[in-house]
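Subject: Structure for you to look at

Dear colleague,

I am passing on a structure that I would like you to look through at your own pace. Please open it first, and then read my notes below beside it.

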Amino acid sequence: MTQRSLLALFAHPDDEAFGMGGALARYSAEGAHVTLVCATRGEVGEISDPTLATPETLGEVREAELRCAAAALGIHELIFLDHRDSGMAGTPPNEHPDAFAQQPAEVVVPTLVGILRRLRPQVVITFDPTGGYGHPDHIAIHTHTVEAFHAAGDALRYPAQGVAWQPQRLLYSVIPRSVIRAWRDEMAARGEDTSSFDSPEGQAMGWPDEDVQLYLDVTAYIPAKWAALTCHRTQFGDDHSFATLPDEEQQRGLGREAFVQAWPTLESGGRLIDLFPQP
Ligand SMILES: [Zn+2]
């Protein structure tokens, strides 16, 4: 039997742990080959504690944090695309010439096609079209992954990138709308600013719960996921909104991960039973 292989593609160190860290740990523990592509080193992210990094060193520090998280999750191979974090929409780092969101498809897609053809994963997972909450780099990795997923199987496209390979499934890691609402309510209860959630865009954040096609139980992998999250120290300080949630809510938030299948499309109301197709 050929080994199961899963390729996840995200934009920043920490995207992997928060959205689907439990799934990565679970499939690795179950014997699948697990690879993570990270488009940037999160160079313009927040710094939870100024003793950990400066804006100049943040990329280097976050690379080390991601290597720590990858080890905690059992990720076998970690690939950086070496682009620069574009920052939140409308901020000056958007304009940097190396910003990932500025890179044209002809720069990114051939690289991804080469990775897909070398690794030959059955399952490819990335962000949904909104990137979870609209971050320009999340949307960019989504867009390039979708194109590369379909191009990889076409021998006439990018022939220099290896022998054609068509993965069987393209999935999106999604945040159910109810989870976003719960965060908002928790923040409101603590008197924090929730205006970004309450705007029209904020109301539309997250994937409609009724359209989630797979809730994966990763309760057994919460310790690995938590270990990965705590590797990302510059992002998840001790006072991070998630770290201060009551234990029970942390468990509920971490123990279940949500996915939808983008290709092949399921019939309306269709559900998945696993990330991998059944043999
Ligand atoms: Zn991100």
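What follows is a short account of helix packing and of the nonpolar core.

This is a predicted model, in which local features need pLDDT of at least 70 and side-chain atom pairs count only at pLDDT 80 or more, while totals for chains, interfaces and linings use all residues. Residues are numbered from 1 along each chain as its sequence is written, and side-chain values use heavy atoms, without hydrogens or water.

Helices here are DSSP runs of H or I with at least four residues, numbered from the N terminus. Helix α2 (residues 58-73) packs with α8 at an angle of about 175 degrees, their axes being 8 Å apart (axes are lines fitted to C-alpha atoms over the stretch in contact, and angles run from 0 to 180 degrees between N-to-C directions). That makes α2 roughly antiparallel to α8 (the term covers angles over 145 degrees). In this pairing, E65, C68, A69, A72 and L73 of α2 are in contact (heavy atoms within 4.5 Å) with A224, K225, A227, A228 and C231 of α8.

Helix α8 (residues 222-231) also comes within 10 Å of helix α9 (residues 247-254), axis to axis, and the two cross at roughly 100 degrees, so α8 and α9 are roughly perpendicular (65 to 115 degrees). Here I222, K225, W226 and L229 in α8 meet Q250, Q251, G253 and L254 in α9.

Turning to the core, L81 touches V37, C38, A39, F100, V108, T111, L112, I115 and I141, leaving aside residues up to four places away in sequence.

Best wishes

Conventions
Angles under 35 degrees count as roughly parallel, over 145 as roughly antiparallel, 65 to 115 as roughly perpendicular and the rest as oblique.
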